[in-house]
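The report below goes from the chain as a whole to its sheet, its helices and its core. Please keep the sequence and the coordinates in view while reading.

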Amino acid sequence: MMGGNMQALARQAQKLQQQMTKMQEELEAKEYEASSGGGMVTVKVNGKKEVLSLEIKPEAVDPEDVEMLQDLVMAAVNEALRTAGETMEREMSKLTGGMNVPGLF
């Protein structure tokens, strides 16, 4: 009796693992975009947390205030990465029922 339940549980776990792997691949391929400074700096990242593109409008470049440009770039990059991470966590938790699965990301 227990052997059948264990096999069913193992099949269910394998199916969940396949679904999670597929979803993770899809989320890693997805692109996330954020901007700062009212659109002066725009960053696009993927779910692997790699920067795909960085656009800086010419009017954001002030040789007298390089620090502001650096802050705008960091803000846009951090927001894009945060969005990617939150989206991945939210979507994966739908599959795991909110359970924390170590080593998932």
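## Burial, sheet and core

Of the 105 residues of the chain, 26% count as buried, and this, like every value that follows, refers to a predicted model. The accessible surface of the chain comes to about 7,400 Å², and carbon and sulfur atoms account for 52% of that area. Among the contacts in the chain with a separation of 6 or more, 46% are between residues 24 or more positions apart.

The chain has 2 helices and 3 strands, and read from the N terminus on, its elements follow the order α-β-β-β-α. The residue ranges are set out here.

| Element | Residues |
|---|---|
| α1 | 2-29 |
| β1 | 31-36 |
| β2 | 41-46 |
| β3 | 51-56 |
| α2 | 66-96 |

The 3 strands form an open sheet with antiparallel pairing, in the order β1-β2-β3. Its edge strands are β1 and β3, each of which pairs on one side only, and the twist averages 15° from one strand to the next. In general, the strands of a sheet pair through backbone hydrogen bonds, in either a parallel or an antiparallel manner. Here β2 and β3, which run antiparallel, are joined by 5 bridges, and Thr42 stands opposite Glu55 in β3.

Which strands does helix α2 lie across? Helix α2 lies across β1, β2 and β3, and it runs at about 145° to β1. One residue found in this helix is Thr87, which counts as buried because its relative accessibility is 8%, whereas the cut-off for burial is under 20%. If residues up to four places away in sequence are not counted, Thr87 touches Leu27, Lys30 and Tyr32.

Two of these contact partners of Thr87, Leu27 and Tyr32, also appear in the description of the largest nonpolar core, which has 17 residues. Within that core, the residues that touch the most other members are Leu27, Tyr32, Val41, Val43, Val45, Ala80 and Met92. At least two residues of the core are supplied by each of α1, β1, β2 and α2, and the largest share, 8 residues, comes from α2. Helix α2 is thus described in two ways, as the element lying across the strands β1, β2 and β3 and as the source of the largest share of the core.

Terms used
Residues are numbered from 1 along each chain as its sequence is written. This is a predicted model: local features need pLDDT of at least 70, side-chain atom pairs count only at pLDDT 80 or more; totals for chains, interfaces and linings use all residues. Side-chain values use heavy atoms; hydrogens and water are left out. Two strands pair if DSSP finds at least two bridges between them. Helices (H or I, at least four residues) and strands (E, at least two) are DSSP runs, numbered from the N terminus. Axes are lines fitted to C-alpha atoms, for helices over the stretch in contact, and angles run from 0 to 180 degrees between N-to-C directions. Contact means heavy atoms within 4.5 Å. Buried means under 20% relative accessible area, exposed over 50%, partly exposed in between (1.4 Å probe, protein chains only). A nonpolar core is a set of buried Ala, Val, Leu, Ile, Met, Phe, Trp, Tyr and Cys residues joined through side-chain atoms within 4.5 Å. Accessible areas come from the Shrake-Rupley method with a 1.4 Å probe; for residues, only the protein chains shown count as cover.
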